[in-house]
Amino acid sequence: MDIGFVLAQSITQALGVTAIIYCLAAIGLNIQFGYTGLLNFGQVAFVTVGAYSIGVVVVTMGLSLWLAIPIALLASVILALILGIPTLRLRADYLAIVTIAASELLRLVVRSIALRDIFGGVNGINGKIGEQFHALNPLPAEFVTPYLTFSRQDAWVVLVGWVIIAIISFGVWLLVRSPWGRVVRGIREDEYAVVSLGKNVFVYKMQALILGGMVGAMGGIIWAIAKQSVQPDTFVPDVTFFTYTILLLGGAARIFGPIVGAILFWFLLAGVGEFLSQAIQAGWIDFLKPTDVGPIRFILVGIGLMSLMIFRPQGIFGDKRELALDGR
Amino acid sequence: MAVDTKSALGPRGQASQAALAHVPNIPGSAKPDPILDVHSVKRSFGGLTAVDVEQVQVQRGAITALIGPNGAGKTTFFNLLTGFDAPDTGEWTFNGQQVAGTAPYKLARRGMVRTFQLTKALSRLTVMDNMLLGAKGQTGEHIYAAFFPFLWSKQERANRERAMELLSRFNLAEKSADFAGSLSGGQRKLLEMARALMSDPELIMLDEPMAGVNPALTQSLLHHIKDIREEGTTVLFVEHDMDMVHDIGDWVIVMAMGQIIAEGPPGAVMKDQNVIDAYLGTHHDKELTESGKSLTVDSDPEGTHS
Ligand SMILES: Nc1ncnc2c1ncn2[C@@H]1O[C@H](COP(=O)(O)OP(=O)(O)OP(=O)(O)O)[C@@H](O)[C@H]1O
Ligand SMILES: [Mg+2]
């Protein structure tokens, strides 16, 4: 058992590309759900749109990555409009139903045989999707991440990824402490009260959905660039639920909530998995097979999260006083 | 009670009572200067006709009370007028403009602001944030400006000052940093009223502003409502407490089973047989106010009796 290695692996995961993608999805969801109270159960749809837009523009159409990124963001705005226009005037639960359905619909569309020429069917889009980005990698060719186990390519993505997260988080911080932020938090509490004060609630909800969707799409963009591959069956509803878990773990309606949530979630998941594997190899645990590790770590992390919700329901950064209030 | 409040009538109060003095006490009667003018507004829920108002006008600058037994349709009528509910038929003007079908937030911006019978305090916002939400025309509420605090910080400071002023008027100043959800029921009523006033409404519509507010505070609230009128705001309020209606109402509109059944100054309305019947049924030997003063007020219009 090499505890140092388990730790290095866990930290690598906690700061890695996947954590960054989920962190962005969670920041987006925080704008929508945490601050505005929109029940978006299809955040994965925005990640899908981000990733596939990059794949299609770069590989299928053979255009520049730098053109693909604004197109991907534009596509996420269009998705938000499509989801929001019919539902945001209705009760909150309608958005939940529509978004979860839309996210599955989107996955089925991109994996369909009929559209295989564009989206690549079940194989997705593979190729030099992020080449133009990786070409800018300033790290020396013989670069090795000290202590951690990032490849040179991943280290570059991770560096840029966290800078993007810092910038976006700063923007969100500016937004939510402004009068705009006050209006959306008011909408979360009671939208009719906010209407009665002369605010066009529909517009604010739409803005929150669009912004959160764009940040989620940013996660998808990084996904496509980092993994150089876009696979339809990775964009399942689980992504949305992990995102919710991360947000609630860190604390909803808190700037650092999604960041801490994503880091901790992937640290725990990787740590528990690595620890179990090592323990099995070392013969400490003989009733499990190495193949059991995958599911078992989810069970353990799940139990941990449940206890967190019971003993610290506001998440790590949340304010307990807020939960004590009867939120209506 | 009636003595000191009536005698404290300010110039605007006197003016609006004088203006209403010659209005006939019949349902739907025309007012000299209506801010609100309603025609054949009807709303039914399934088989039940909740509101069926032929015609009613609300005098500008006056305090008008809308009374009626439970289920009379008062709240539904408020919801219709403010755009929160859509009528089956009917139209109404606010400030001379047709506003039927206008979105509720637009009506609020035009100066027609309402409160809710079931208070809508925004629980997980501070009392101060609740107040600030009421302010109109905030630059920082635009998403692009929100990123640049220097564009709106000055306006924000001014709004804060104004909010503090209003909060101290409503005995909530020391609560300004608390979550609104931590307030008592009565305090929430006060907060909602103060919040509505943040927008400087032309017409403020209060749905049972006194429900749950303790009697000692009720007195100062009555003064506040009269102050609001003195500042030029028209007040339309729903209330079950007849003593209060009597104290501050310049004019009373009575609803029963969705219709306007009587109108007039408080004293006259409370003597009206239709009104007494609507409230108490046809067999009764009670009076509508606790002190019974409504039955004698007409003989003493200056309210100098005890
Ligand atoms: N959304 C609704 N669906 C069905 N019926 C309704 C609805 N809203 C109100 N009603 C009915 O309309 C009638 C009028 O209700 P409303 O709330 O307007 O009365 P109110 O005069 O405000 O009474 P109260 O003094 O008790 O507040 C009642 O009979 C009520 O049951
Ligand atoms: Mg009512």
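A:Thr48 sits in helix H3 (residues 43-60) of chain A, where helices (H or I, at least four residues) and strands (E, at least two) are DSSP runs numbered from the N terminus. With a relative accessibility of 2%, A:Thr48 counts as buried; the scale used here calls a residue buried under 20% relative accessible area, exposed over 50% and partly exposed in between (1.4 Å probe, protein chains only). Leaving aside its neighbours within four places in sequence, A:Thr48 is in contact (heavy atoms within 4.5 Å) with A:Ser53, A:Leu106 and A:Phe235.

This is a predicted model in which local features need pLDDT of at least 70 and side-chain atom pairs count only at pLDDT 80 or more, while totals for chains, interfaces and linings use all residues. Residues are numbered from 1 along each chain as its sequence is written, chains are lettered from A and ligands numbered from 1 in the order in which they are written, and side-chain values use heavy atoms, with hydrogens and water left out.

Further residues of chain A are set out in the table.

| Residue | Place in chain A | Relative accessible area |
|---|---|---|
| A:Ile82 | helix H4 (residues 65-87) | 56%, exposed |
| A:Tyr147 | loop between helix H7 (131-134) and helix H8 (152-176) | 52%, exposed |
| A:Ala253 | loop between helix H12 (237-250) and helix H13 (257-281) | 12%, buried |

Backbone geometry adds to this picture, since A:Tyr147 has a positive phi of about 70 degrees although it is not a glycine, and A:Ala253, also a residue other than glycine, has a positive phi near 60 degrees. For A:Ile82, the C-alpha atom is separated by 24 Å from that of A:Ile113, 31 residues apart along the chain.

Chain B contains 12 helices and 10 strands, and buried residues make up 55% of its 306 residues. Of the contacts in chain B with a separation of 6 or more, 67% are between residues 24 or more positions apart.

Turning to the interface, 35 residues of chain B are in contact with 33 residues of chain A. The two chains bury about 3200 Å² between them, 62% of it on carbon and sulfur atoms, buried area being the accessible area (1.4 Å probe) that two parts lose on being put together, summed over both. Five salt bridges are counted between chain B and chain A, each defined as a side-chain nitrogen of Lys or Arg within 4 Å of a carboxyl oxygen of Asp or Glu. A:Asp190 forms a salt bridge with B:Lys120, and their closest N and O atoms are 3.3 Å apart. On the side of chain B that touches chain A, helix H4 (104-110), E6, H5, helix H6 (143-146) and helix H8 (185-197) of chain B each supply at least two residues.

The magnesium ion (ligand 2) has as its protein donors B:Thr75 (OG1) and B:Gln117 (OE1), which lie 1.9 to 2.1 Å from it. B:Thr75 belongs to helix H3 (residues 74-81) of chain B and B:Gln117 to the loop between strand E6 (112-114) and helix H5 (127-134) of chain B, so the pair ties together parts that are 42 residues apart in sequence. Donors are N, O and S atoms within 2.8 Å of the metal (3.2 Å for Na, K and Ca), and water is not among the atoms, so sites may look incomplete. B:Thr75 is partly exposed at a relative accessible area of 25%, and B:Gln117 likewise counts as partly exposed, at 34% relative accessibility.
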